[in-house]
Amino acid sequence: MQFQRATLVAEQRQKLSPQMIQSIRLMALPVQELQEAIQAEIEANPALEIIEDRSTLSLERFRNAENPGAGAGHDDPFENSSDPGYSSRSSSDDDSKRMFMEGSIARPETLQEHLLYQLRLQTLDKTHRLVGETLIQNLNDDGFHKEDPYSLCPGIGRDIIDETMNLVRRLEPEGSCTANYRESLHVQANLDEAPPKGVSEILTDYLELLEKGKDAEIRKKLRLSQEEYEAAVRFIKALAPFPGRRYSAEEPKYVIPDLKVRVVDNEFVIVLNDVEIPVLGINPFFDKLSSEKTKDKATNAFVRENIGQAKFFIRSIQQRNQTLLKVARAIVEHQRGFFLRGPKGLVPLTLKDVAEEIGVHETTVSRIAHSKYMQTEWGIYDLRYFFTNSITGAGSQGSDFSKEGVKEVIREIIVAENAALSDRDIMEVLSQKGIKLARRTVAKYRGELDLDSSFNRRHT
């Protein structure tokens with residue numbers, strides 16, 4: 001017969017303290033959320049204070065700029081209304097009900113609704129009107145075709161579709177009903193009666209150089225004077241590459257880069273964006289209390305505990321910044337090809353590679369790279385973008401070519417050929433470059449690049 005006995009077993013368990021949990025959480029926060037965490041800690045810990053706020057525009061100043069009348073003596077701007085029949089209480093209730101009713105049914109006008117309204121004002125026959133409605137309903141939020149428009153109107157001649165398409169392109173916003181942003185820019189430029197000299201050539205052949213700021217090179221190739229070039233650039237900047245976005249219901253998402261990488265005298269310089277992070281210190285009053293040691297033990301304990309927490313919080317932010325810089329240096333060292341040649345220069349790199357180089361655990365690298373952004377000469381990128389497997393899927397050891405780098409090469413092939421190459425054709429071009437991929441893998445990467453539409457590829 002078996003019996004159960006109570007026994008004591010000695011074992012070691014690692015338990016994270018609240019301070020360690022806080023330190024780990026701070027490690028993962030991007031600049032915007034770190035600012036909020038600092039403000040929350042200052043409100044919770046009286047021993048912690050801001051010594052210097054280096055941000056260019058505080059939230060309070062921004063609010064005052066948006067509402068110049070806000071502030072002391074302006075709690076209710078309607079309280080001193082010149083209308084003798086004004087009553088703050090009753091009118092406020094009525095206004096609240098009206099605003100609630102209006103807000104509950106109001107919604108922004110979509111791109112399709114805006115274009116359809118204008119289309120109905122045009123004098124068109126039944127066929128052209130039907131084609132126009134079909135074209136408009138086929139547009140995405142950017143104002144570009146979702147599907148090949150010619151395939152959506154079977155039995156209707158291409159001349160009718162082209163005529164209607166040109167009509168829609170002239171509606172507000174100009175440049176919609178196009179294949180992509182390049183075609184949209186061309187359409188908008190051509191709608192102008194007298195665009196500046198060089199605009200068409202820049203949009204056709206030198207748009208990528210313009211995006212990289214290679215102004216002198218473009219001027220030299222087009223033989224433009226400084227005034228002519230500046231006029232052309234001003235004209236192009238006034239165009240809308242994604243005309244439909246002003247009617248998009250989605251709120252734009254803004255990011256603040258945590259790091260900036262630039263090339264100075266052929267050397268990479270990494271700058272940490274600590275301007276957005278206020279300088280913290282210990283409140284002088286608490287510092288004085290800690291040195292004087294009052295007779296009240298409860299007070300001494302309170303002061304000691306809050307000062308300890310404040311110092312640990314400051315050290316945690318410093319550790320976050322130091323670790324972020326170490327990871328950035330390792331990324332720049334491994335991905336030199338990217339910073340010199342752009343996305344096609346990416347090589348395979350894993351979290352483990354960076355963790356071993358800087359002497360931390362993989363989870364630490366993963367945590368510090370979470371939601372952090374790096375500003376480069378090629379744009380702003382999520383730090384996780386630089387961690388990419390080889391095309392064989394064997395981490396950083398399987399191949400010399402990274403997945404993201406190969407995808408960029410595929411993009412360049414399609415753009416350079418200016419034709420609807422088949423996946424097999426792309427596979428053969430890659431093979432000539434020493435990149436061995438299966439046709440279905442090419443199709444997968446092309447889809448991830450949003451180049452799956454043959455119509456879009458023909459017009460890229």
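Before I turn to a particular pair of residues, let me say that two strands are taken to pair here if DSSP finds at least two bridges between them. With that in hand, and bearing in mind that what you see is a predicted model, I would like to begin with strand β2.

In β5, the residue that K260 has as its bridge partner is Q375, and this belongs to a pairing in which β2 and strand β5, residues 373-376, run in the parallel sense over two bridges. On the other hand, β2, which covers residues 259-264, is also joined to strand β3, residues 267-272, by six bridges, and these two strands run antiparallel. Within that antiparallel pair, V261 of β2 stands opposite I270 in β3. The two strands form a hairpin with two residues between them, and in the turn D265 has a positive phi of about 55°.

Let me stay with the backbone for a moment, since there are other places where it deserves a look. As a general rule, most residues other than glycine have a negative phi, and most peptide bonds are trans. R223, which is not a glycine, has a positive phi of about 55°, and you will find R223 in the loop between α11, residues 215-222, and α12, residues 226-237. Is R223 buried or exposed? With a relative accessible area of 74%, R223 is exposed, because the cut-off for that class is over 50%. S371 is another residue other than glycine with a positive phi, in this case near 60°, and S371 lies in the loop between α17 and β5. S371 counts as partly exposed, because its relative accessibility is 24%. As for the peptide bonds, the one that joins E172 and P173 is cis, with an omega of about 5°, and P173 has its place in the loop between α7, residues 158-170, and α8, residues 181-191.

I now move on to the helices, and to two pairs of them in particular. Helix α13, residues 284-292, and helix α14, residues 297-334, have axes that come within 10 Å and cross at roughly 125°, which means that α13 is oblique to α14. The crossing of these two helices is left-handed. Which residues make the contact? From α13 there are F286, D287, L289 and S290, and from α14 there are F302, V303, N306 and I307. Sorted by class, the residues of this contact between α13 and α14 divide into five nonpolar, two polar and one charged.

The second pair is helix α16, residues 351-358, and helix α17, residues 362-369, whose axes come within 8 Å and cross at roughly 110°. That angle makes α16 roughly perpendicular to α17. In this contact, L351, K352, V354, A355 and I358 of α16 meet E362, V365 and S366 of α17, and by class the contact has five nonpolar, one polar and two charged residues.

Finally, let me step back to the chain as a whole. How many helices and strands does the chain have? There are 21 helices and six strands. Of the 460 residues in the chain, buried residues make up 37%. If we consider contacts between residues at least 6 apart in sequence, 64% of them join residues that are at least 24 apart.

Definitions and conventions:
Residues numbered from 1 in each chain as written. Predicted model: local features only at pLDDT ≥ 70, side-chain atom pairs only at ≥ 80, totals over all residues. Heavy atoms only, no water. Helix = DSSP H or I, 4+ residues; strand = E, 2+ residues; numbered from the N terminus. Axes fitted to C-alpha atoms, helices over the stretch in contact; angles between N-to-C directions. Parallel < 35°, antiparallel > 145°, perpendicular 65-115°, else oblique. Left-handed = near helix turned anticlockwise from the far one by under 90°. Contact = heavy atoms within 4.5 Å. Nonpolar A, V, L, I, M, F, W, Y, C, P; charged D, E, K, R; others polar. Buried < 20%, exposed > 50% of the residue type's maximum accessible area, 1.4 Å probe, protein only.
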